[in-house]
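Here are my notes for a colleague coming to this structure for the first time. Please keep the model open while reading the points.

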Amino acid sequence: MDAIGAKVEALKDEMVKNRRFFHSHPETGFFTFFTTAKIASELKKLGYSLKMGREIMKPEARAGLGSEKDKERYLERAKSLLSADEREFLPVMEDGLTGVVAELDTGRPGKTLAFRFDIDGVDVTESKDEAHRPFKEGFRADIDGITHACGHDGHITIGLAMAKLIAQNLDDFKGKFRFIFQTAEEGTRGAVPMEQAGVLEGVDYLLGGHIGFQAKTSGGIICGTNKLLATSKFDVNFTGRSAHAAGAPQEGANALLAAAQAALAMHGITRHADGVTRINVGVLRAGEGRNVIAPNGYIACETRGETTELNEFMFKKCMDIVAGVAQMYGVQYDVKLTGGTSGGDSSEEITDIYERAARQSPFIKDELIVRDLNFGACEDFAHFMHAVQKAGGKSGYLMIGTKLAAGHHNGAFDFDESALLSGTDVFLRSAYAISGKDA
């Protein structure tokens, strides 16, 4: 094992401990108060300069924030779990301006290399089956309804390990390092308000990745992820006019029919010749009574596209449909965006760097290295990646191989913790390739 591998191996026990700690205290959406405070506390100890709150997130750009009641509940939970020193980080987070950006300057001229790690859990109740390792070994989520069923506890762990390794070996590097710990990745809600607040300004290279997904074998890796789909997530509320369904139906304006017609028409949108597009209306609720013309209708929708432009095509078609059916049925409507992100492909240069790092890594098996793969799904990282590439920088997204106990967003989800070593090792070797003093 070479020097880089040995540095990573030395953190094995610490990484497993950290992963299990964060796994046992999950939070979702923008309300990651406890998680953010813990991360910020560790980064401060390592000597990083921190930015939080309004410095890293534009409040008005957020979508799908959540209720005031939930905010208070999760804030109080965080206070109960944090030490007095850690609670000092809470005020700057206000009503959910969570996440943290940390920077370290080597003092030597060079590029700005950024890493992004997502930190939120998902709205899933974790299994209490005796065969489920987190339950069996005592690190199951301490709350029902939320769990780290997507591996973000592992991403936090890799991010903190990387921050520690960079700080401990700063003399080996040049330029600046920036660590972006992003909240509200689930639902693709967190990247847009962070990007609009300027967290990517000056970034030359942005690296990111995910445990699992299509990389389902421990010791494997997918070096370049392409065809990350752009998406728009939105709710539509139709407001009509109630009336007696038999005695005076002509006096009503049927919002149920408007919502149903919109759902059917959206699923009938003509697809685009330039690439993959998707539409789904996942929820439809309407009406008040059997003999009442429905005064209300609600649909929860999402569009996706192989590129940002294709997704915009789908979204515009949906908006045309909403406006049309509202006029047809004489109802009013309101559209609320609840999330969204860009689409894109990894930069070839970053894929090359990841692949070389993987072939050097003692934790990756050469026969399990996949150079690139089309993702065919959405990830909030794509918005960051698109912004960096648009500004002339390079960005890439990898998938870290691991054996999964169950699929992502499943209550029995768990991953092989050897992925913490392989992921950290590839990121560290990539850092040396991009920002090492001899690079």
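**Notes on the two domains and their sheets**

1. Between domain 1 and domain 2 the count of salt bridges is zero. Bear in mind that this is a predicted model.

2. Where do the domain bounds fall? The domain assignment gives domain 1 as 3-226 + 343-435. Domain 2 is given as 230-341. Their C-alpha centres lie 35 Å apart.

3. The two domains do touch: 15 residues of domain 1 are in contact with 11 residues of domain 2. The area buried between them is about 850 Å². Carbon and sulfur atoms give 51% of that area. Which residues of domain 1 supply the most? Thr 188, Gly 343 and Cys 378 supply 52% of the area that domain 1 buries against domain 2, more than any other three residues.

4. Now the UniProt record. Its unreviewed entry annotates residues 234-319 as "domain: Peptidase M20 dimerisation". In the model, this span is 29% helix and 30% strand. Its end C-alpha atoms lie 10 Å apart.

5. Next, the four-stranded sheet. It is open, its pairing is antiparallel, and its order is 8-9-7-10. Why do strand 8 and strand 10 each have one side without a neighbour in the sheet? Strand 8 (277-286) and strand 10 (332-341) stand at the edges with a single partner strand each, so one side of each is left free of a neighbour in the sheet. Neighbouring strands here are turned by 15° against each other on average, direction ignored.

6. Look at one pairing in that sheet. Strand 7 (residues 230-239) pairs with strand 10 in the antiparallel sense, over nine bridges. Asp 235 has Lys 336 in strand 10 as its bridge partner.

7. Two helices lie across these strands. Helix 9 (residues 255-267) lies across strand 7, strand 8 and strand 9 (296-305). Helix 9 runs at about 165° to strand 8. Helix 10 (residues 308-329) lies across strand 7, strand 8, strand 9 and strand 10. Helix 10 runs at about 10° to strand 7.

8. There is also an open sheet of eight strands, with mixed pairing. The order is 1-2-4-3-5-12-6-11. Strand 1 (49-51) and strand 11 (369-374) stand at its edges. Each has a single partner strand, so one side of each lacks a neighbour in the sheet. On average, neighbouring strands of this sheet are turned by 25° against each other, direction ignored.

9. How many bridges join strand 2 to strand 4? Six bridges join strand 2 (residues 100-105) to strand 4 (residues 176-182), and the two run antiparallel. Asp 105 has Lys 176 in strand 4 as its bridge partner.

10. Helices pack on this sheet too. Helix 7 (residues 152-168) touches strand 2, strand 3 (112-118), strand 4, strand 5 (205-211) and strand 12 (394-400). The direction of helix 7 makes about 160° with that of strand 4. Helix 12 (residues 381-390) touches strand 3, strand 4, strand 5 and strand 12. The direction of helix 12 makes about 150° with that of strand 12.

Terms used
Residues are numbered from 1 along each chain as its sequence is written. This is a predicted model: local features need pLDDT of at least 70, side-chain atom pairs count only at pLDDT 80 or more; totals for chains, interfaces and linings use all residues. Side-chain values use heavy atoms; hydrogens and water are left out. UniProt positions are given in the numbering used here, feature names are shortened, and annotations may be inferred rather than shown by experiment. Two strands pair if DSSP finds at least two bridges between them. Axes are lines fitted to C-alpha atoms, for helices over the stretch in contact, and angles run from 0 to 180 degrees between N-to-C directions. Contact means heavy atoms within 4.5 Å. Domain bounds come from an automatic or database domain assignment. Buried area is the accessible area (1.4 Å probe) that two parts lose on being put together, summed over both. A salt bridge is a side-chain nitrogen of Lys or Arg within 4 Å of a carboxyl oxygen of Asp or Glu.
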